[in-house]
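User: Please examine the model shown below. I should like to discuss its architecture in a few questions.

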2 protein chains.
Amino acid sequence: MQKENGDADRPADPGLFPSGEARMSSHDPGKCSVDFPVSVVLPAGGTGERTGLQTPKQFCTFLNRPLISYTIQAFERVSWIQSIVVVVAKESTELMTDIVQRFQHKRIRVVQGGSTRHRSIFNGVRALGEGGDGAPRVKPKVVIIHDAVRPFVEEDFLYKIATAAKEHGAAGAIRPLVSTVIATTAEGYLDHSLERARYRASEMPQGFTYDVICRAYERCSESDFEFGTECLHLALQYCGTNAKLIEGPPTLWKVTYKRDLAAAESIIKETLSRSACAITGGSAQAAVLADALQKTMGALDVELDVIPDMMGDNARYLLKGWNFIQVSVSRRCLSEVRATVSALEAANRALLYPVVVVWVHLNGSDGPSLGGGTATAEPAAIMDLASAAKLRNILLYGVQLHRSEEADHWERSVLRMAEITSVLIRERSPALVGQLLQA
Amino acid sequence: MQKENGDADRPADPGLFPSGEARMSSHDPGKCSVDFPVSVVLPAGGTGERTGLQTPKQFCTFLNRPLISYTIQAFERVSWIQSIVVVVAKESTELMTDIVQRFQHKRIRVVQGGSTRHRSIFNGVRALGEGGDGAPRVKPKVVIIHDAVRPFVEEDFLYKIATAAKEHGAAGAIRPLVSTVIATTAEGYLDHSLERARYRASEMPQGFTYDVICRAYERCSESDFEFGTECLHLALQYCGTNAKLIEGPPTLWKVTYKRDLAAAESIIKETLSRSACAITGGSAQAAVLADALQKTMGALDVELDVIPDMMGDNARYLLKGWNFIQVSVSRRCLSEVRATVSALEAANRALLYPVVVVWVHLNGSDGPSLGGGTATAEPAAIMDLASAAKLRNILLYGVQLHRSEEADHWERSVLRMAEITSVLIRERSPALVGQLLQA
């Protein structure tokens, strides 16, 4: 794939940093603070017919996690959102509750949906006004409604929707039309085409004051509940509220087909692969190798920080990194690899994304792949360690290279080491853990 | 990712079998024969602003090939299409000519585009009526216009468009609207939403009789050339032709954003990975191992055919397979791996897609990874062979497993062998060629 220019369809930060953790974004959270209560309704009752999958698409998994968990995470990390109601079909309630527990989502309630999209959303809105036992609770000022299958919505856009909804009663995301819209005759011929510039596609999220969305649903007809899909239309028809329309970014796209799951996975993988942290164990030789790796991986678009260990100030890498490269020269350091894996486990680092650990080892001299008495013991040891780590969502691989006095040969080895390491980080392939690859 | 049910967005056969080669499709080509001349215009002058890529998206590559070559291939394999005109910006002419040569595309002419989409299409249509030197040639009865960035169009749909265009003068693909379409006020508020069921999205391909499309362009205004985008509209306005609209499959989607390139790549990779061919070299022991592999890979959705060699009738695998597994037990067979690679090279098999060759080897006894005197020579030999093969778009990997008397251990090894082999086939990672992986 070509080098990117602008990445128009990717989020700057696709929910990688749950609130409470250090965030690397330069974004000023003060600018986005909201001084009124905002809650979210996520209708997730769809059957996923269009994906061609047996599992409804919001429950399809990539990188070991269902799509809906990525969407929940996008809201969870926004500090000014007070609660999130996920509305699911009756048969998915248990699955959804398991997902919330397994990925430790907070501020979530799971509510049972109705027979249509509008009925489900109304159930979700009503739940916001009730306690768990049906008792009234503090109602939100604004309700944001979003699709469970649009995982890349960002805080700044949610802020725009929430504040516009408070001011105008309703607000919704729009996007330019991607195709010409045409009207057909009853016989299936072209009647006329619409002037593209005058129309927009209505997307999600949308925001409403609690009063507007409640009144709209209380007043609307059975036919609206049965056949309608557009909340903005109900607000206009039953409350006289003309929604404020806000042009959204391409990141608002909706996972509809199976190919979209591959696209979503590629976006997450790419975001996880932008940087890595090389740990030298304080060895000067390892630091030289790490510097060579840094330069070569930089050319492959992976930014590498080189640190001696994760002590003191460097402990922050443990909380922000998704990729760790343990570098060793001559002296074996499987115990250090084991320590890195343990530290990641202790920090619960791989809860939301698989974390990659690559052990890069430079053998002391030209010669056999595996020198000395460790020849057969080492591959088995790294495989065992990797198999155990994989159960914790930590993916461990080994890359081995050999010192060469010949400059050309050495350069090729370093390049191959960087390429292999980059591809292990990018592809995060569980089937290849524990392999000791040759650079 | 979940197990698929219907694969609604994937082509049954995404152009994997250029015409002239054996096709595995059960489709009856007789049903689709067209008895009038049909040609194609592919406007490919876009700048790809929306992808966020520096390279226009039709020239972005995946699996070593630019997107436009996949689209050309989709038309090239249709026997009743007489010629394809690709219209490109002046600065892309050389690049496009190189692509046509490199991938040995036939029946193609590269034509220079105009300053807008309509001007480019008109240039393409005019070129169909002229010889290379401007002399008149046999004009097509029907012209199909398609986007260079919709690579998954299939023959049966092209047939529908071509025959409807001949009958009605014009025909176009439509799809249901994915979002509600709304009209906005000048101040950016909701004015009204359209009734979704009454409208459709106009997609590609479209077909026109040569006379209708020529007349439409000859009569239309400068303003149409400058600002218009919809050919069906011109046919209606200037020729009074109401196009026949035909509901198209989801495979007609358009590569618009960078994420769509990942989606397209995933579709091609999945299609290439559905089956593989295991070659046992006639060894009974290898056949037993291949049978175990067949069963385990079947559970991973890779259909495996086991053959002794590619002689006689089995030579057909050389012409239809994308994945080859050379199986050996105890006795090394690098020479057989080399022969398979050479046969693939001689057949020009990897011209359009990278072909995977996995050498699966079972060591004779529990013990060191690499027994006997070959311990260090073998990894180097396979790496050298793989490096050379990679230059020919053939990706060679090794997987090694060890015999075990312990049933549990053996089963785990076989499962890992199948998982590793499947993932090598699915991911087609150039960076990992030449590795000898341990199952």
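User: In what order do the 6 strands of the open sheet of chain A stand, and which strands are at its edges?

Analyst: In this predicted model, the open sheet of chain A pairs its strands in parallel, in the order β13-β12-β14-β15-β16-β17. On average, neighbouring strands are turned by 25° against each other, direction ignored. Each edge strand has a single partner, so one side of it is left without a neighbour in the sheet; in chain A these strands are β13 (303–307) and β17 (436–438).

User: Which residue stands opposite A:Ile279 in β14(A)?

Analyst: Strands β12 (residues 275–279) and β14 (residues 323–329) of chain A run parallel and are joined by 3 bridges. The residue opposite A:Ile279 in β14(A) is A:Gln326.

User: How are α9(A) and α13(A) oriented to each other?

Analyst: Helix α9(A) lies across β12, β13, β14, β15 and β16 of chain A, while α13(A) lies across β12, β14, β15, β16 and β17 of that chain. The axes of α9(A) (residues 284–299) and α13(A) (residues 407–427) come within 9 Å and cross at roughly 70°. An angle of 65 to 115 degrees counts as roughly perpendicular. The two helices, α9(A) and α13(A), are therefore roughly perpendicular to each other.

User: What relation holds between chain A and chain B?

Analyst: A turn of 180° with a shift of 0.0 Å along the axis lays chain A on chain B, with an RMSD of 0.0 Å. That is the relation of a two-fold axis.

User: Which residue of chain A comes closest to the rotation axis?

Analyst: The same surface serves both copies, as 100% of the contact residues of chain A recur in chain B. At 2.5 Å (C-alpha), the residue of chain A closest to the rotation axis is A:Ala263.

Note on methods: Residues are numbered from 1 along each chain as its sequence is written. Chains are lettered from A and ligands numbered from 1 in the order in which they are written. This is a predicted model: local features need pLDDT of at least 70, side-chain atom pairs count only at pLDDT 80 or more; totals for chains, interfaces and linings use all residues. Side-chain values use heavy atoms; hydrogens and water are left out. Copies are superposed by least squares on the C-alpha atoms of residues with pLDDT of at least 70 in both. Contact means heavy atoms within 4.5 Å. Axes are lines fitted to C-alpha atoms, for helices over the stretch in contact, and angles run from 0 to 180 degrees between N-to-C directions. Helices (H or I, at least four residues) and strands (E, at least two) are DSSP runs, numbered from the N terminus. Angles under 35 degrees count as roughly parallel, over 145 as roughly antiparallel, 65 to 115 as roughly perpendicular and the rest as oblique. Two strands pair if DSSP finds at least two bridges between them.
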